[in-house]
Structure formats: C-alpha cells, structure tokens
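Welcome! Please open the structure in your viewer and keep the selection tool handy. We will go from stop to stop, picking residues as we go.

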Amino acid sequence: MPAIKIPNFTVIAFYTENTLYKDVFYQYLQPSLIKFNIPYIIKIIENKGSWLKNVAEKPRILLETLEETQIDNFVHLDVDAEILEYPNLFDELGNNYDLGV
C-alpha cells in the first residue's frame, strides 16, 4: 500500500447559498479532496443575486479565510473543479516559489 501524502497546502473554495453549486461541490470537488487526503476550507456565502456579483466576492473570501486561519499555503479552486490525480507539483516546488495564476 502506498504511503499517504500529507499536503503542504490547503484548498479554499466557496459556493453561494441556494444555488446548484452546493450540490456540485458535494458531487465533484469534495470527493476528490477526500480521495487524495487534501485539507480544505469551504465557505458558504449569501447569494448576491447574480453570478458576476457572487464571483466578485472571491478576493474578500480568500483574504478573510487567510486572516481567520493563518494558513501559509493555499490553492483556490472553484467548487466545480475535480482533482483527478494528486497535484505533486505543489509538494515539489518547496518554499522558494510563490505562484499566482
């Protein structure tokens, strides 16, 4: 049996209340995070009435989450993402790099 990796990062994601994204999170992203033993923080926000207004909340949500948790390394994923294989690159980069996409 292969050793279980302990990631050096946490996934942060969010979805809006009363939208289909809750179901999407539980169907795609959460199972893949659990499968690869990747720690995650999921935030649920109030629906602002439009996709554009909801997406505009992303920077605030990330900043608040970082302030609340003091985590050093995070990856933001949309809740409709699915991890198909363990992202080894994040472990291999070490602490000498700061990525932003």
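**Stop one: a serine in a helix**

The backbone oxygen of L29 sits 2.8 Å from a polar atom of the S32 side chain. Keep in mind that this is a predicted model. Add Y28 to your selection: its backbone oxygen is 3.3 Å from a polar atom of the side chain of S32. Now colour helix α1, residues 21-35, and you will find S32 within that helix.

Is S32 buried or exposed? With a relative accessible area of 4%, S32 is buried, because buried means under 20%. Setting aside residues up to four places away in sequence, S32 touches E82 and I83, so select those two as well.

**Stop two: the nonpolar core**

Next, select F9, V11, L33 and I38. In the largest nonpolar core, which has 13 residues, these four touch the most other members. Strand β1 (10-16) and helix α1 each supply at least two residues of this core. In soluble globular proteins, nonpolar side chains tend to be buried together.

Stay with V11 for a moment. Which residues is V11 in contact with, leaving aside its neighbours within four places in sequence? They are L33, I38, P39, Y40, I41, V75 and L77.

**Stop three: salt bridges**

How many salt bridges does the structure hold? There are 4, and here are some of them to visit.

Begin with K43 and E68, which form a salt bridge whose closest N and O atoms are 2.6 Å apart. This pair links distant parts of the chain: K43 belongs to strand β2 (residues 40-45) and E68 to helix α3 (residues 58-69), 25 residues apart. K43 is partly exposed at 24% relative accessible area, while E68 counts as exposed at 53%.

Now select D78 and K58. Their salt bridge has its closest N and O atoms 3.5 Å apart. Here too distant parts of the chain are linked, with D78 in the loop between β3 (74-76) and α4 (88-92), and K58 in helix α3, 20 residues apart. D78 is partly exposed at 40% relative accessibility, and K58 is partly exposed at 24%.

Finish along helix α3, where E64 and R60 lie 4 residues apart, about one turn of the helix. They form a salt bridge with the closest N and O atoms 2.9 Å apart. Both count as partly exposed, E64 at 34% relative accessibility and R60 at 35%. Add E57 to see the whole group: E57, R60 and E64 are linked in a network of salt bridges.

Key. Residues numbered from 1 in each chain as written. Predicted model: local features only at pLDDT ≥ 70, side-chain atom pairs only at ≥ 80, totals over all residues. Heavy atoms only, no water. Buried < 20%, exposed > 50% of the residue type's maximum accessible area, 1.4 Å probe, protein only. Polar contact = N/O pair within 3.5 Å; in protein donor to acceptor, adjacent residues only side chain to side chain. Contact = heavy atoms within 4.5 Å. Core = buried A, V, L, I, M, F, W, Y, C linked by side-chain atoms within 4.5 Å. Salt bridge = Lys/Arg side-chain N within 4 Å of Asp/Glu carboxyl O.
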